[in-house]
Amino acid sequence: ALAYLDGLNVFGVRLGLSRIKRLLSLLGNPQDKYRTVHVTGTNGKGSVSAMLAGILLKATIHAGLYISPHLVSYTERMQVDGQPISEEDFAEAVSAVRVFIEQMLAEGEECPTQFEVLTALGFYYFAKCQVEYAVIEVGLGGTLDSTNVITPEVSVITNVTMEHADKLGGTLHSIAENKAGIIKEGVPVVTAAKGEPLEVIRTVAEEKNADIFVAGEDFCSQFLSCDGRTQKLEFTSELLGIDHEPYELHLLGVHQVENSAVALMTIRLLHNIDDRITMKTVTEALRLVSWPARFERLDLGQQAIVVDGAHNPAGMKALRESLDEIFPAEERVLLLGILKDKDIDTMLDILLRPNDTVVVTVPQSERADSAADLLRRVAPAVQHVEAFENNTEALNRALELANGEKLLVIAGSLYLVGGVRQMLLKREG
């Protein structure tokens, strides 16, 4: 199954909905057999999706979660009731979908891309498992993303900043238009977008007769305290008549304050159609929900470690702000690997402090920036930097430099963070 999927990689990213619609129709349109929540945005969409799925699970609602990319295995991308699809079920689903791909090819149609096949796979698997709800995270953009074939109960747009501009029209305005493409006629929208992107989203919502709920205007969450493991927050919405409702959040990082507010507002809208969702289930879920490699604490003995897949300037800004908020006095050792098509200099400007120690390495991707190039860029900004091509050697050296006394921060591309996180989990036994 994996070899077959890898073979589809040759088709790359080709935006458009004709192939996925045809494939899903051959599969009997499985995406129409359950309720959905659709989540897009530049940053935070994975965390918000995880929170929503966690809350549905606590409410004893049989729910699916579709995410991308994965950290280690494709099976992470489709989960039911918090459990990734088994390798056996994944292989079976690939076989089932492949039959119809071959039919499309025999009829002279274009071959679906790998992401389209994975999306169809997720929809098929959720229908097979007879889920009641599925939380669906967008892969890229919105309008032409292969997930944009659903009519959800709520559309969620976390935030909008410059990313994937080459594929989404080159301007902040065009990126916002693309993300607003998930808004459907009469379906409410929850967003944390600001400035020009918010204006674009408002305009589209108005055209589609969709009620819009905006973070900072219609609802918000405030940070109260953090013990390095859990954040204490409170949710307020004059619109809903809610005043300073307290909750605890297992996910760390200042950016999760707004993300959790977006999730809570979305859940309030779902509560209107499903009274199994109560405030009690919400608070229980948020205290437990975790999201791998998103400002994740993974300590190794006495060594404090934060793992974060910050892979663009907005992600780096959130990481830096969270480090400054939660570990303001700690000296830091950073283990970094970044893809060469990212805005590397801006990311480094945001993250690095002059007294940081840095180890650079190479993410497991053809798009990776070389260790030598990253070393050259990092060197002027910090007191000490070393480079290792090999991820294991880089991790060993970073642990040695941190020595249980400094905070170790592993960040950059998910293609680095996923593998290094696995190494840490194995060491923990």
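A salt bridge here is a side-chain nitrogen of Lys or Arg within 4 Å of a carboxyl oxygen of Asp or Glu. Searching the whole structure with that rule turns up 29 salt bridges. The structure is a predicted model, in which local features need pLDDT of at least 70 and side-chain atom pairs count only at pLDDT 80 or more, while totals for chains, interfaces and linings use all residues. Residues are numbered from 1 along each chain as its sequence is written, and side-chain values use heavy atoms, with hydrogens and water left out.

A few of these pairs can be looked at one by one. Lys-232 forms a salt bridge with Glu-248, and their closest N and O atoms are 3.6 Å apart. This pair links distant parts of the chain, since Lys-232 sits in strand β10 (residues 231–237) and Glu-248 in strand β11 (residues 242–249), 16 residues apart. Helices (H or I, at least four residues) and strands (E, at least two) are DSSP runs, numbered from the N terminus. Are the two partners buried or exposed? "Buried" means under 20% relative accessible area, "exposed" over 50%, and "partly exposed" in between (1.4 Å probe, protein chains only). Lys-232 counts as partly exposed because its relative accessibility is 39%, and Glu-248, at 26%, is partly exposed too.

Arg-397 and Glu-386 also meet through their side chains in a salt bridge, at 2.8 Å from N to O. Arg-397 belongs to helix α13 and Glu-386 to strand β16, so the pair ties together parts that are 11 residues apart in sequence. With a relative accessible area of 15%, Glu-386 is buried, whereas Arg-397 is partly exposed at 22%. Things get more crowded with Asp-345, Asp-373, Arg-376 and Arg-377, which are linked in a network of salt bridges.

Next comes the sheet. Its 6 strands form an open sheet with mixed pairing, in the order β12-β13-β17-β14-β15-β16. Two strands pair if DSSP finds at least two bridges between them. At the edges are β12 (296–297) and β16 (384–387), each of which pairs on one side only. Inside the sheet, β14 (residues 332–337) and β15 (residues 357–360) run parallel and are joined by 4 bridges. Val-333 stands opposite Thr-357 in β15, and Leu-335 stands opposite Val-359 in that strand. Both faces of β15 are covered: Thr-357 and Val-359 on one side, and Val-358 and Val-360 on the other, are all buried.

Helix α14 (residues 414–427) lies across β12, β13, β14 and β17, running at about 140 degrees to β17. Axes are lines fitted to C-alpha atoms, for helices over the stretch in contact, and angles run from 0 to 180 degrees between N-to-C directions. Contact means heavy atoms within 4.5 Å. How far should the 14 residues of α14 span? At 1.5 Å a residue the answer is 20 Å, and the end C-alpha atoms are 20 Å apart, which agrees. The expected span is 1.5 Å times one less than the number of residues in the helix.

Buried residues of α14 include Leu-414, Leu-416, Val-417 and Arg-421. The helix's buried residues pack against β12, β13, β14, α13 (391–402) and β17. Where α14 starts, a side-chain oxygen of Ser-413 reaches to within 2.9 Å of the backbone nitrogen of Tyr-415.

Terms used. Polar contact = N/O pair within 3.5 Å; in protein donor to acceptor, adjacent residues only side chain to side chain.
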